[in-house]
Amino acid sequence: MKRVEIIYGGASNEKEISHLTAKSIYENIDTDLYNPGLTDLSKFDPDNFDDETIFFIAIHGEGGEDGKIQTLLENKKRKFTGSSSESSILTWDKVATKRTLIENGILTPQFKYIKNNEHFDFNDSFFSENEHYFVKPNFNGSSYGISKVSDRKFNEAVREAKNYSSEVIIEKSFNGAEYTVALLKGQALTPLQILHDPIRGFYDYEAKYNSQNTQKIKIEDKRIKKYLKEIAEKVFECLNCKTWARVDFVSENEKLAVIEINSVPGFTAKSLFPLAAKYSGIEYKELISLIIEDC
């Protein structure tokens, strides 16, 4: 029986969600096939496990999506779930991801990038051409530090984003429907539309994890579903992802734009990825096995 060690935690502000993901995997893994274990990243040493152990990376954000644990495991020649260190480093960096998308002809919202303590010219034409913006940390997840801004009131939003990353993105806001597409082995699962809690204003941390009013529904429009799948699969390929990921979209009029890709998406039984799999005919236990077997 294969040993599967589920690694969770880390020092990021997403460690609580990581713990929920790991616990859910542990409780639902097929124990006829695998002997599971749980290890907090702070206590993790791959040398404490035999060479045949498979490591299921359940760390969201820093430490799990930024390539650090992937680099460690690659250097030890150990098997682990998900994308390589190179791909993880790329997808963790929102600016690098956006530039790669643009190079591959994939629409992403127009943006400006503030490095470290750089002084920014808010008289740039970008700010006169648009009315609404999102201000985001360049390196972070779970919508921490994100603000929606209008009337060009950026200073407070930039300060908030810098609590989570020294580099900040100011991104044009698309004001239509929001979508997400889970991918398994490079193939798009059933796309979902996210109807966030209207009180929240956008799909922020509270809307994702705490609100009872956020809805995640199947899309009825066959044309939009087909287009979302095609774009998501292209994103997965051009960013060199492996096994699983989730691509998030915004829309405006007829435009669909990619805002980011998550290389270790939320994975409790109620998360977006397992829900998309369920709509695609894959139950949670089977989904866990499919991710493990693709190492």
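1. **The main core.** In this predicted model, the largest nonpolar core takes in 38 residues. Those with the most contacts inside that core are Ile25, Phe56, Leu189, Phe267, Leu287, Ile288 and Ile292. Several elements of secondary structure supply at least two core residues each. On the helical side these are α1 (15-28), α2 (68-75), α9 (272-279) and α10 (284-293), and on the strand side they are β1 (2-8), β3 (54-57), β9 (178-184) and β11 (192-195). As a general backdrop, nonpolar side chains in soluble globular proteins tend to be buried together.

2. **Ile288 and its neighbours.** If you would like one residue to click on in this core, try Ile288, which is among those with the most contacts inside it. Leaving aside residues up to four places away in sequence, Ile288 touches Ile25, Asn28, Ile29, Phe56 and Phe267. Ile25, Phe56 and Phe267 also appear among the core residues with the most contacts.

3. **A second core.** Apart from the core with Ile288 lies another one, made up of 22 residues. Its members include Ile106, Leu183, Cys241 and Ala245.

4. **Overall fold and dimensions.** The protein chain holds 10 helices and 14 strands. Its radius of gyration is 19 Å, close to the 19 Å that the globule rule gives for 295 residues, so the chain is as compact as a globular protein of that length. Along the principal axes, the C-alpha trace spans about 60 × 45 × 35 Å. Of the 295 residues, 55% count as buried. Looking at contacts between residues at least 6 apart in sequence, 66% join residues at least 24 apart.

5. **Surface and charge.** The accessible surface of the chain comes to about 14,100 Å², and 45% of that area belongs to carbon and sulfur atoms. There are 39 positive and 46 negative charges, and their mean positions are 2 Å apart.

6. **Two lysines with positive phi.** Most residues other than glycine have a negative phi, and that makes for a pair of backbone angles to look up. Lys77 is not a glycine, yet it has a positive phi of about 60°. Lys77 sits in the loop between α2 and β4 (79-80), and it is exposed, with a relative accessible area of 74%. Lys185 likewise is not a glycine and has a positive phi, of about 55°. The loop that holds Lys185 runs between β9 and β10 (187-188), and at 43% relative accessibility Lys185 counts as partly exposed.

7. **Lys98, buried or exposed?** A charged side chain is a fair thing to ask about here. Lys98 counts as buried, because its relative accessibility is 2% and the cut-off for buried is under 20%. Lys98 belongs to helix α4 (residues 94-103). Beyond residues up to four places away in sequence, Lys98 touches Thr108, Pro109, Phe111 and Glu171.

8. **Asn138 in its loop.** Asn138 lies in the loop between β6 (132-137) and β7 (147-150), and at 0% relative accessibility this residue counts as buried. Which residues does Asn138 touch, not counting those up to four places away in sequence? The list is Trp92, Asp93, Lys94, Val95, Tyr113, Ser165, Glu167, Val168 and Ile169. For a distance check, the C-alpha atoms of Asn138 and Ile102 are separated by 17 Å, with the two positions 36 residues apart along the chain count.

9. **Tyr26 on helix α1.** Tyr26 is found in helix α1, a helix that also supplies residues to the largest core. At 37% relative accessibility, Tyr26 counts as partly exposed. Tyr26 touches Ile6, Pro36, Gly37 and Leu38, with residues up to four places away in sequence not counted. From C-alpha to C-alpha, Tyr26 and Gly37 are 7.2 Å apart in space and 11 residues apart in sequence.

10. **Lys225 on helix α8.** Lys225 lies in helix α8 (residues 222-238) and counts as partly exposed at 27% relative accessibility. Its contacts, again without residues up to four places away in sequence, are Pro191, Ile219 and Glu220. Lys225 and Arg159 are 66 residues apart in sequence, and their C-alpha atoms are 37 Å apart in space.

Terms used:
Residues numbered from 1 in each chain as written. Predicted model: local features only at pLDDT ≥ 70, side-chain atom pairs only at ≥ 80, totals over all residues. Heavy atoms only, no water. Core = buried A, V, L, I, M, F, W, Y, C linked by side-chain atoms within 4.5 Å. Buried < 20%, exposed > 50% of the residue type's maximum accessible area, 1.4 Å probe, protein only. Helix = DSSP H or I, 4+ residues; strand = E, 2+ residues; numbered from the N terminus. Contact = heavy atoms within 4.5 Å. Rg over C-alpha atoms; globule rule 2.2 N^0.38 Å. Areas by Shrake-Rupley, 256 points an atom, 1.4 Å probe, with all protein chains shown as cover. Lys, Arg positive; Asp, Glu negative; His and termini not counted. Charge placed at Lys NZ, Arg CZ, Asp CG, Glu CD.
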